[in-house]
Structures are given as structure tokens and as C-alpha cells.
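Visitor: I'd like to learn how to read the boundary between two domains. Could you walk me through one?

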2 protein chains.
Amino acid sequence: MYLSYEETKDIAYYMCDRTQRLTLPMLVNLLLDVSEKQSDSLERGEAYIRDRGLNWIILHYAFDIGRMPRLNERVYIETFATEYNKLFTYRTFIVRDSNRTELIKVETTFALLDSKKRKMARIPEDIVAPYKAEYSKRIRRNKKPDEVNSEEYNEKQYAVRYFDIDGNNHVNNSHYINWILDSLDSTFLLDHDITRGVITFNKEVSENQLVFSQSSIREEEGLNSDHIIKTEDTVHCSATFTWDKVKRRNMNGYDQ
Amino acid sequence: MYLSYEETKDIAYYMCDRTQRLTLPMLVNLLLDVSEKQSDSLERGEAYIRDRGLNWIILHYAFDIGRMPRLNERVYIETFATEYNKLFTYRTFIVRDSNRTELIKVETTFALLDSKKRKMARIPEDIVAPYKAEYSKRIRRNKKPDEVNSEEYNEKQYAVRYFDIDGNNHVNNSHYINWILDSLDSTFLLDHDITRGVITFNKEVSENQLVFSQSSIREEEGLNSDHIIKTEDTVHCSATFTWDKVKRRNMNGYDQ
């Protein structure tokens, strides 16, 4: 059995989009808040890791979304570390509604970054042990995003903002997801819900950089969007989402 | 005595900037979450107002900030409506720390917008009565922001993003504040804290608009920054903040 940790979250208006559903960027904020709280409870919080000259980064997300929580809904977010090896730890998040029905499952891959060398560090036993994940030599092959269609894509440009940088001195993950999704047409976003998705982070974006968010739509085993976040010559992040057409909305975009 | 409502909030990492302090945009999100919760508790929530073809807009904020809450700090946010007249209601927010010491006071002016006519509506008695604010014919003269120095100012440009639009179909207030502050140099933001501020909203920005955020610094009874958010020919929002130099930070920008 994994060492599980759970928190209750109430979905506030500032977490929601115009259809009064939790946004994907804010979902990720809530998930990472819960895993940070588990770390604090095990005395392995951000300060402990920072004092060792390290910080956690996330390399991969895999989302499986039954439905996004609604405004004012109370949800339960459970998280547990499942497995680790010398470089990676794997952590699962499950979001449930008030009947304890599973709404969302997210599987993530974390690694430790050496703050000075700016490269990945071996995971020290004292940092990982309290989470009671299983050690396994096996390094998982995470599902990769598909490539953006180089002949037909949307592109939008974003400057990193002061408040995009979080307490770890990184551009917070949620902003990459905002850049990724915002590159799609707003009518597409309003008419479709994400059912599955993968995001891979390759290289951090730093302050004062200008990023390009490219996306293309692909109909293949359903409706998919493929994405990259790039600067001039570097791909920082890539993603693929699978979408379902929203069946019924009333004029205001709210579910009926 | 006013009809007061209070909620407890724990400051999560996603609400904080790189110095692990609550950001002003996120402070405003938390305040409005608490006032929305008071409205829900009085059965005057967003759906009640929307069904009347109306929605609340905020015209003015006045901030008085002793200090911003820190990451993981627990704060108490109290709110109460103080006074109303035919067009405006006035609401105060007080943020206190775990010792019940006042950290922040914010005074706000709300009005009702007729969703179809896109203009201000008279405030119906049944909407305002449950808050037990005092009726007074007097219309307050809110402190106005100072003008941006037209000869020497910073300017940055922002496109409204899909997720900037909230469940009221408006650009959420917090994004205006993000645009306002992001136009200042990041070294200035890192080295200074806001002690006071006023923000005035004149006209909504809509989706697909491009806004210009202009700011200038003024030394006059302390250090001030003046701001406007404008589109081609319209000023949508203006603000003035007063700043204190942060005395001690360690290398990571954290308070010592």
C-alpha cells in the first residue's frame, strides 16, 4: 500500500473558466499544493529540499479526465508516490467528488534539479524514503506527445511575466499550460472538453524570455491537439490533448 | 454593527511570488471569493444576480497593506458591506494573521451592471437588503489615481487570454492588476513592497482586445507608481501605488 495523503478543496470562482469549470492550469496548481502539503507533513517540504541545494521539477503529466469539477463543488484530492529509481519518482493524483466518485486521475514524473549545476541530481535516500514509494530500477517510458503539424499550425507569443515565477524561482507549471491552451481558438475551447492529455517538460523557460506556443488539430482516434512551447531554437515543453465535443451548453456557455 | 462574514485561508505556493509572499492579484481573488461566499450564505449568490439580468462589477479598490501574508501562513479574511446608495455599495475587507493582528484593509466600491444594456443599474432593495448595510444618499468621492507621466513611462502590451475571462464573462479583476504591476521592472518589484494603493475601473476590456499597460514612477511623499490600462482610445483602468523599499532580502529574495 502506498502512503496516501488527501485534502479537501472547494472550487472557487477564480479557479474557473467562463463555463464555471475548474481550468486545467488551476487543477495543476491544486494538485501540486496537495503534494507540497504531503511533503510538509513528512518534513520534506520545499525548505528542506532547498537547503540541500535541490528542487523538485516535474517532467511529465498524464491526465485522464472524466469531468472537471464545477464552481463551488467540493472535491477530495488524494496523492501518493508509487515508485522511484535513481533519477525519477512517480506520483499519482486522484480527484474525487463528494460521493467519492473518481473524476480525474493524473500520473506524474518528478526529478530533482541541482540548483547550482542546473542539472538533474540523483535522488538521495533521505529525501525519498518518507514517502514509502517502492524502489524499482525500471525507468518508465512515458507516453510522448505527438508532433505539431509543421504545415498548418496556430502560433501565439507570450512574454514571461513577473508573477509567473513562483517560490521555487521557476516559471510555475500552470503558466505553460495556460500558454499551451490559449493558443487554441476560443470557440474550440468553449465547445470541447479535455478527456486525456500528456505534457512533457524538457527545459525551463527563464524570466524575460519570449515563448512561442504552437498548436495544431489532428483527427485520429478522436479529436486531438498537439502543442509545443518553444523559444528561438529550443523546445521547452510539448503536449497532446484529446478532446470531446461538449454536447449541450446554454447561451452563456453553462452546462444545462 | 455591520453584518460580517469571515473565512480562513491558507496561503498556497500558487498564490505567491518568488519571495513566497501572497501576490496582489491573488489577494484580490481571495477577497472576492470571501465576498462571494457571504453572498451565497445570504442567498444572493452569482446565480441569483444573473437571473435578474445583472452582475456585480467593482469600480474602485483602496488598499492599505501592513504586510502581505507568507507562504503557508493561515489568515482570516473578514468582509462586510458598510453603506449603499441607489448606484453603489461599499464593502470593506480585513485580512488578519493567526494572532488576529490586522495585516491588510481594503475598501471597495461595487455597482450592478445590466448585462443586456451594458450599463449600470439601480440597486434593487431585495438584492442589497440581506447585507444589512446602511442606506445613505451620499455618494462617496473615491480617491483617484494620479496620472501617468506622459513624458517618461514604461509600456507593455498584453492580449486578453481565454482563461482571463471568469464565470461572470468578464476579464477577472486580478488580471488587470497583473498587467498593471508587470509593467514595472522586475528589480523594482523585487526590491519594493506595496503599502497603499488605489485602482479605478472605468470600462471593461473584452476578449481579443490588446491592452497597453503604462506606468511611471514618482517620488512625492514617498515612492509612487502611476498606471493606466488602455486600448487604442480608451482608458479602462488606472491605479496609483505607494511603495516601501524592502530592507533585507537574502540572495534568493526571501526575507531574512
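Guide: Let's look at how the two domains of this chain meet. This is a predicted model, where local features need pLDDT of at least 70, side-chain atom pairs count only at pLDDT 80 or more, and totals for chains, interfaces and linings use all residues. Residues are numbered from 1 along each chain as written, chains are lettered from A, and side-chain values use heavy atoms, without hydrogens and water.

Visitor: Where does each domain of chain A begin and end?

Guide: Domain bounds come from an automatic or database domain assignment. Here, domain 1 of chain A covers 1-142 and domain 2 covers 146-250. Their C-alpha centres are 20 Å apart.

Visitor: How many residues does each domain give to the contact?

Guide: Contact means heavy atoms within 4.5 Å. Domain 1 of chain A gives 20 residues and domain 2 of chain A gives 21.

Visitor: What area do the two domains of chain A bury between them?

Guide: Buried area is the accessible area (1.4 Å probe) that two parts lose on being put together, summed over both. For these domains of chain A that's about 1,700 Å², with 55% on carbon and sulfur atoms. On the domain 1 side, Pro25(A), Tyr61(A) and Phe63(A) supply 25% of the area buried against domain 2, more than any other three residues.

Visitor: And how many salt bridges are there between the domains of chain A?

Guide: A salt bridge puts a side-chain nitrogen of Lys or Arg within 4 Å of a carboxyl oxygen of Asp or Glu. The count between domain 1 and domain 2 of chain A is one. Glu204(A) and Arg118(A) meet in a salt bridge through their side chains, at 3.1 Å from N to O.
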